[in-house]
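Q: Please take a close look at one part of this model and describe how it sits among its surroundings. I would like a connected account, with the background needed to judge how far to trust it.

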Amino acid sequence: MRRHDHEGLLRALLGPEGPQLTCEECFEQLDRYVELELAGSDADKAVPGMRAHLEGCPACHGDHESLRTFVRSEPRPHEGEAR
Amino acid sequence: MTQAPAVSVKNLESGSGVGEKSAHPDVPDAESRAWVAALRADGPRRDRAVAELHELMLRAASFEVRRRGSAFPHLRGGDLDDLAMQSADDALMALLGKIDDYRGASRFTTWAYKFALLEAAVNVRRRAWQGRELPLEPETWELFGGSDGSSPQAAAEQGELFGELGTAIAEQLTPHQREVLVAITLNDVPIDVLADRLNTTRGALYKTLHDARQKLRGHLADRGMRIGAETAGEAR
């Protein structure tokens with residue numbers, strides 16, 4: 001079993017507060033949310049409930065992190081070759 | 001002979017730059033429209049678009065299996081390459097089945113990458129946990145006691161809080177809720193792996209986890225117990 005600090009253990013057991021998306025809704029919105037984040041827009045306002053879901057669901061949290069990291073590492077369209 | 005790219009937006013529309021985000025959030029940019037048109041076409045044009053898309057998805061899947069796979073030393077390079085290819089293949093099939101769902105809320109490639117990354121992450125976790133017994137019970141409940149070095153009063157409050165949590169987990173949750181909560185939050189079992197073993201879905205298990213957490217919050221609120229800076233009641 002992983003050793004938790006008390007705060008981390010509480011967070012894991014109780015999850016985030018407030019309304020949140022389901023995993024299916026999260027997957028549906030993830031690409032839009034990440035692009036808004038990378039564009040510096042208010043992604044949390046545009047996709048209410050996403051932040052709480054990402055805090056509560058370890059798997060969706062990982063998917064979000066991966067998509068954001070990968071898209072950020074890709075050349076921006078205007079920097080690459082025109083398809 | 002060099003073939004023209006399957007997906008080209010050159011001269012598609014005047015004033016619409018490649019990759020330029022559409023002014024309307026749900027109208028795809030020119031490159032994304034070109035992808036969708038090529039994938040909906042017939043014959044060699046579609047074949048080339050599918051091949052290019054597979055290449056993109058394989059790149060995303062390879063990124064993900066290496067990123068995730070580094071946590072599992074028993075997965076070797078060849079295993080990771082196979083997992084990336086399998087993930088790209090599966091993700092491509094999933095995407096092509098949902099092409100009509102693409103609404104242009106993001107660039108087409110971002111939309112495509114999420115399929116590949118999800119598939120790769122799930123496949124790595126499945127492979128890493130293959131043949132392992134899932135810990136569905138806590139090794140010890142002692143973690144609900146003790147102090148983290150704070151003041152005696154804070155330590156006493158924490159002790160009471162975790163004591164009530166332990167009671168709620170044991171008495172308020174259904175066996176299924178307890179199993180899911182303990183496996184995911186205390187024993188770090190990946191939710192997709194647990195879903196496979198229980199023959200259900202990530203979404204269904206997360207709903208179970210959410211319901212269990214609500215019960216724990218409710219139990220604490222009924223006793224007027226504080227969670228961090230707020231009371232459980234305010235957090236409901």
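A: In this predicted model, buried residues account for 36% of the 236 residues of chain B, while in chain A, with its 83 residues, the buried share is 40%. Chain A holds five helices and zero strands, and chain B has nine helices and two strands, in the order α-α-α-α-α-α-α-α-β-β-α from the N terminus on. Among contacts between residues at least 6 apart in sequence, 64% join residues at least 24 apart in chain A, and the figure for chain B is 64%.

The part chosen for the close look is helix 5 of chain A, which covers residues 58-73. With 16 residues, helix 5 of chain A reaches 22 Å from its first C-alpha to its last, close to the 22 Å expected at 1.5 Å a residue. Its buried residues are A:A59, A:C60, A:G62, A:D63, A:H64, A:S66, A:L67, A:F70 and A:V71. In an α-helix there are 3.6 residues to a turn, so residues three or four places apart point the same way.

What lies over these buried residues comes from both chains: the cover includes helix 2 and helix 4 (50-56) of chain A, together with helix 2 (43-69), helix 4 (108-129), helix 7 (191-197) and helix 8 (202-222) of chain B.

Within chain A, the packing against helix 2 (residues 23-38) can be followed in detail, as the axes of helix 2 and helix 5 of chain A come within 10 Å and cross at roughly 30 degrees. The crossing of helix 2 of chain A with helix 5 of chain A is right-handed. From helix 2 of chain A the contact draws on A:C23, A:C26, A:L30, A:D31, A:V34, A:E37 and A:L38, and from helix 5 of chain A on A:C60, A:D63, A:H64, A:L67, A:R68, A:V71 and A:R72. By character, the residues of this contact divide into eight nonpolar, one polar and five charged.

On the side of chain B, two loops adjoin helix 7, one of the elements covering helix 5 of chain A. The loop between helix 6 (175-186) and helix 7 of chain B contains B:D188, a residue other than glycine whose phi is positive, near 60 degrees. B:D188 counts as exposed because it has 12 other C-beta atoms within 10 Å. The loop between helix 7 and helix 8 of chain B contains B:N199, where phi is likewise near 60 degrees, a positive value in a residue other than glycine. B:N199 counts as exposed because it has 6 C-beta neighbours inside 10 Å.

As for confidence, the predictor gives the complex an ipTM of 0.88 and a pTM of 0.84. Chain B has a mean pLDDT of 83, and 79% of its residues reach 70 or more. Two stretches of chain B call for caution: residues 9-23 stay under 50 in pLDDT, with 30 contacts beyond four places in sequence in the model, and residues 231-236 are below 50, with 16 contacts beyond near neighbours in sequence.

Methods:
Residues are numbered from 1 along each chain as its sequence is written. Chains are lettered from A and ligands numbered from 1 in the order in which they are written. This is a predicted model: local features need pLDDT of at least 70, side-chain atom pairs count only at pLDDT 80 or more; totals for chains, interfaces and linings use all residues. Axes are lines fitted to C-alpha atoms, for helices over the stretch in contact, and angles run from 0 to 180 degrees between N-to-C directions. Helices (H or I, at least four residues) and strands (E, at least two) are DSSP runs, numbered from the N terminus. A crossing is left-handed if the near helix is turned anticlockwise from the far one by less than a right angle, and right-handed if clockwise. Two residues are in contact if their C-beta atoms, placed from the backbone, lie within 7 Å. Ala, Val, Leu, Ile, Met, Phe, Trp, Tyr, Cys and Pro count as nonpolar, Asp, Glu, Lys and Arg as charged, and the others, Gly among them, as polar. pLDDT is the predictor's confidence in each residue, from 0 to 100. A residue is buried if 20 or more other C-beta atoms lie within 10 Å of its own, exposed if 12 or fewer, and partly exposed in between; C-beta atoms are placed from the backbone. The expected span of a helix is 1.5 Å times one less than its number of residues.
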